[in-house]
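Welcome to a short guided tour of a protein chain. Take a moment to turn the structure around before reading on.

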Amino acid sequence: MREDLRDLYRTRFSESAETKKNGIWIEVCKHLNRYIDFRWLEYQGGLLVDVAAGYCDFVNNVSLPSNIRRVAFDANPDVAKWASENVEVINDDISNIKKHFSEESASVIFMSNFLEHIDKVAIIKLFSDIWDILKFEGELWILTPNIKYVGEKYWDFFDHITPITEDSLIELTESMGYRSKMVIRRFLPFTTKSRLPQWSWIVALYLKLMPVSGFFFGEQSFLIFKKQKKGN
């Protein structure tokens, strides 16, 4: 199964395309840095886990205090090839994530373009496992294509199986005890293979012009959920 994943993503993204995509992520991470509470992270330490890290575009490029562990978690054996030297790699199926982390050890858990690849039962289990791994007031960051804005293009990728909207994620997470901290309903275009120019300065300009640019071109949503005590 892991070899199948590797072959699928090698077909979808050539090495030259990945280099181009990494340039996009450098700009995206500069933008996302504004949502990180650096003083809180510096104080309480912990770790950041990039779930389904893929080519490690986020975990390699996001700015973090030096005392924060960075972990790339992915079932694809190629993940180790793309991780930076300061990033630890765990190559395993997402259903086993709790085996690799102690309870309440993570400060931030990030996932991008992943939930659409697993079924709803697996999503519920994953969010439950993440709850156990996150510190109190730790954060779950989700970047996801939103079928509400993408439309039928959502199904152009063979491994998309679950339709996701921002409202469905809010309903699920809040029922499990998370609190919605931030919701950007229209953030990035659907795919790095879009027809929009992808030079780094164009991406930087696009992000600078948010939310106006997102209103016209955003087909992915970005959400941050904070772990709260259940019942609050």
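What follows is a walk through this chain, from its overall make-up to a few individual residues.

**The chain as a whole**

Please keep in mind that this is a predicted model. The chain holds 10 helices and 7 strands. Of its 232 residues, 53% are buried. Its accessible surface comes to about 11700 Å², and carbon and sulfur atoms account for 54% of that area. Contacts also reach across the sequence: among those between residues at least 6 apart, 72% join residues at least 24 apart.

**Helix α6 and its surroundings**

A good place to begin is helix α6, which covers residues 120-133. This helix has 14 residues and reaches 20 Å from its first C-alpha to its last, close to the 20 Å expected at 1.5 Å a residue. At the start of α6, Asp119 brings a side-chain oxygen to within 3.2 Å of the backbone nitrogen of Val121.

Which residues of α6 are buried? They are Ile123, Leu126, Phe127, Asp129, Ile130, Trp131 and Ile133. An α-helix has 3.6 residues a turn, so residues three or four places apart point the same way. The cover over the buried residues of α6 includes the strands β4 (106-112), β5 (134-145), β6 and β7 (220-227), along with helix α8 (166-175).

**Salt bridges**

Side chains of opposite charge can pair when their charged atoms come close. How many salt bridges does a search of the whole structure find? It finds 12. Three of them are set out here.

| Pair | N to O distance |
|---|---|
| Lys98 and Asp132 | 2.8 Å |
| Lys227 and Glu104 | 3.5 Å |
| Arg185 and Asp167 | 3.1 Å |

Take the pair of Lys98 and Asp132 first, joined by a salt bridge. Lys98 lies in the loop between β3 (88-91) and β4, while Asp132 belongs to helix α6, so this pair ties together parts that are 34 residues apart in sequence. Lys98 is partly exposed, with a relative accessible area of 41%, and Asp132 is partly exposed too, at 23%.

Next come Lys227 and Glu104, whose closest N and O atoms are 3.5 Å apart. This pair links distant parts of the chain, with Lys227 in strand β7 and Glu104 in the loop between β3 and β4, 123 residues apart. Is Lys227 buried or exposed? Lys227 is buried, because its relative accessible area is 5%, and buried means under 20%. Glu104, in contrast, is partly exposed at 41%.

The remaining pair in the table is Arg185 with Asp167, which meet in a salt bridge at 3.1 Å. Arg185 is in the loop between β6 and α9, and Asp167 is in helix α8, 18 residues apart. Arg185 counts as partly exposed at 37% relative accessibility, and Asp167 does so at 38%. These two residues also belong to a network of salt bridges that links Lys148, Glu166, Asp167 and Arg185.

**Asp74 and its neighbours**

Another acidic residue worth a visit is Asp74, found in strand β2 (residues 69-74). Asp74 is buried, with a relative accessible area of 10%. A polar atom of the Asp74 side chain lies 2.7 Å from the backbone nitrogen of Gly54. Leaving aside residues up to four places away in sequence, Asp74 touches Ala52, Ala53, Gly54, Val79, Ile90, Asn91 and Asp92.

**Unusual backbone spots**

Most residues other than glycine have a negative phi, and most peptide bonds are trans. Ala52, one of the residues that Asp74 touches, has a positive phi of about 55°. Ala52 sits in the loop between β1 (47-51) and α4 (57-61) and is partly exposed at 23%. Glu137, in strand β5, has a positive phi of about 70°; Glu137 is partly exposed at 32%.

Where is the cis peptide bond? It joins Met210 and Pro211, with omega of about 5°. Pro211 lies in the loop between α9 and α10 (212-217).

**A nonpolar patch on the surface**

The tour ends on the outside. Trp199, Trp201, Leu205 and Leu209 form a nonpolar patch on the surface, together offering about 490 Å² of accessible area. Trp199 is placed in the loop between β6 (178-184) and α9 (200-208), and this residue is exposed, with a relative accessible area of 56%.

Terms used. Residues are numbered from 1 along each chain as its sequence is written. This is a predicted model: local features need pLDDT of at least 70, side-chain atom pairs count only at pLDDT 80 or more; totals for chains, interfaces and linings use all residues. Side-chain values use heavy atoms; hydrogens and water are left out. Patches are made of residues with over 30% relative accessible area and no salt bridge: like charges are joined within 9 Å, nonpolar side chains (Val, Leu, Ile, Met, Phe, Trp, Tyr) within 5 Å. Accessible areas come from the Shrake-Rupley method with a 1.4 Å probe; for residues, only the protein chains shown count as cover. A salt bridge is a side-chain nitrogen of Lys or Arg within 4 Å of a carboxyl oxygen of Asp or Glu. Helices (H or I, at least four residues) and strands (E, at least two) are DSSP runs, numbered from the N terminus. Buried means under 20% relative accessible area, exposed over 50%, partly exposed in between (1.4 Å probe, protein chains only). The expected span of a helix is 1.5 Å times one less than its number of residues. Contact means heavy atoms within 4.5 Å. A polar contact is a pair of N or O atoms within 3.5 Å; within protein, one must be able to donate a hydrogen and the other to accept it, and residues adjacent in sequence count only if both atoms are side-chain atoms.
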